Amino acid sequence: MELRGVCVLLGVLLLVDCSVQQSPPKRKPLKKAEKQKDPAMEQMQKQINDIVQELNLLKEQQALQAVCLKGMKIHRKCYLVDPVRKSYHAASEDCSNLGGVLGTPTSSNENDQLRDYLRQSVNPGEQVWLGVSDMVKEGAWVDITSTNITYKNWDTSNGQPDGGRSQNCAVLSGASNGKWLDENCKEEKASVCQFNIV
């Protein structure tokens, strides 16, 4: 009887041993910090990212060159006139969709060159929207990025800016020799987009 018990016990142990050998060993899942990344894959991903970034930069440069060929390059900026008359906000949105902003001259020389370009591109007496407004705070004229402007070319001989709360957007006036006037933002005027050259 004892022999029989020993044989049964030995048989059970053999079965357990066989089942352990046949099942794959269980592994602990690696923690995020313990996961090993393949250095070759990381290098390849970095190269792909670099190529995509370079391609996007080339696309931007090509688009900017096309703008500069159609428009005018003035002081590290390209300007492009849009003769279609529209409100200030529509003009601003259209410039943004092209990758630019409404033009904002930052010096007398830049303003004069922009005036001359506009006279050649649209009616010499035309007014064009600039990227300058005081919509947020009356009398505090800022550019599209809400930065206070340092250069201003108001037509002070006509008391500009004189519109109060009803005229919050600036135009460059060909008829006033490139001087700025404040106008109602809902009026429809030509515009000029500005693209910064990097």
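Student: Is Ser146 buried or exposed?
Tutor: The model is predicted, and the value for Ser146 is computed from it. Exposed requires a relative accessible area over 50%. Ser146 has a relative accessible area of 53%, so Ser146 counts as exposed.

Student: In which loop is Ser146 found, and what is its phi?
Tutor: Ser146 belongs to the loop between strand 5 and strand 6. Although Ser146 is not a glycine, its phi is positive, at about 65°.

Student: Which residue does a cis peptide bond join to Gln160?
Tutor: The loop between strand 5 and strand 6 also holds the residue in question. The omega of this cis bond is about -5°, and the partner joined to Gln160 is Pro161.

Student: Asn177 is not a glycine; what is its phi?
Tutor: Asn177 has its place in the loop between strand 6 and strand 7. Its relative accessible area is 44%, so Asn177 is partly exposed. The phi of Asn177 is positive, at about 60°.

Student: How many helices and how many strands does the chain have?
Tutor: Along the sequence, the elements follow the pattern α-α-β-β-α-β-α-β-β-β-β-β. The secondary structure therefore, with helices and strands taken as DSSP runs, amounts to four helices and eight strands.

Student: What percentage of the residues of the chain count as buried?
Tutor: A residue counts as buried when its relative accessible area is under 20%. The chain has 198 residues, and the share that meets this condition is 34%.

Student: What share of the accessible surface belongs to carbon and sulfur atoms?
Tutor: The accessible surface of the chain comes to about 13,600 Å². The part of this surface that belongs to carbon and sulfur atoms is 55%.

Student: What percentage of the contacts with a separation of 6 or more is between residues 24 or more positions apart?
Tutor: The reckoning takes in contacts in the chain with a separation of 6 or more. Among these contacts, the part from residues 24 or more positions apart is 74%.

Student: What distance separates the C-alpha atoms of Ile197 and Lys77?
Tutor: Ile197 lies in the segment after strand 8 (189-196), and its relative accessibility of 23% makes it partly exposed. Ile197 and Lys77 are 120 residues apart along the chain. Their C-alpha atoms are separated by 5.3 Å.

Student: Which residues are linked with Lys86 in a network of salt bridges?
Tutor: Side chains of opposite charge can pair when their charged atoms come close. Lys86, buried at 11% relative accessibility, forms a salt bridge with Asp82 in which the closest N and O atoms are 2.5 Å apart. In the salt bridge of Lys86 with Asp94, which is partly exposed at 32%, the closest N and O atoms are 2.7 Å apart. The residues linked with Lys86 in the network are thus Asp82 and Asp94.

Student: With which residue does Arg115 form a salt bridge?
Tutor: The structure has a count of eight salt bridges, including that of Arg115. Arg115 is buried at 12% relative accessibility, whereas its partner is partly exposed at 34%. The closest N and O atoms are 3.0 Å apart, and the partner of Arg115 is Asp116.

Student: Within what arc do the buried residues of helix 4 fall?
Tutor: Helix 4 (residues 108-121) has 14 residues and spans 20 Å from its first C-alpha to its last, close to the 20 Å expected. Its buried residues include Glu110, Leu114 and Leu118. Seen down the helix axis, the buried residues line one face, because they fall within an arc of 165°.

Student: How far apart in sequence are the parts that the pair of Trp154 and Trp180 ties together?
Tutor: The structure holds four aromatic pairs. Among them is the pair of Trp154 and Trp180, with 5.7 Å centre to centre and 85° between the planes, which is edge-to-face. Trp154 lies in the loop between strand 5 (142-143) and strand 6 (169-173), and Trp180 in strand 7 (residues 179-183), so the separation of the parts in sequence is 26 residues.

Student: Which residues form one aromatic cluster with Trp154 and Trp180?
Tutor: Trp154 and Trp180 are buried. The aromatic cluster that holds them also takes in Trp141 and Tyr151.

Definitions and conventions
Residues numbered from 1 in each chain as written. Predicted model: local features only at pLDDT ≥ 70, side-chain atom pairs only at ≥ 80, totals over all residues. Heavy atoms only, no water. Helix = DSSP H or I, 4+ residues; strand = E, 2+ residues; numbered from the N terminus. Buried < 20%, exposed > 50% of the residue type's maximum accessible area, 1.4 Å probe, protein only. Contact = heavy atoms within 4.5 Å. Areas by Shrake-Rupley, 256 points an atom, 1.4 Å probe, with all protein chains shown as cover. Salt bridge = Lys/Arg side-chain N within 4 Å of Asp/Glu carboxyl O. Phe/Tyr/Trp six-rings, centres within 6.5 Å; stacked < 30°, edge-to-face > 60°. Expected span 1.5 Å × (residues − 1). Arc of directions from axis to C-beta.
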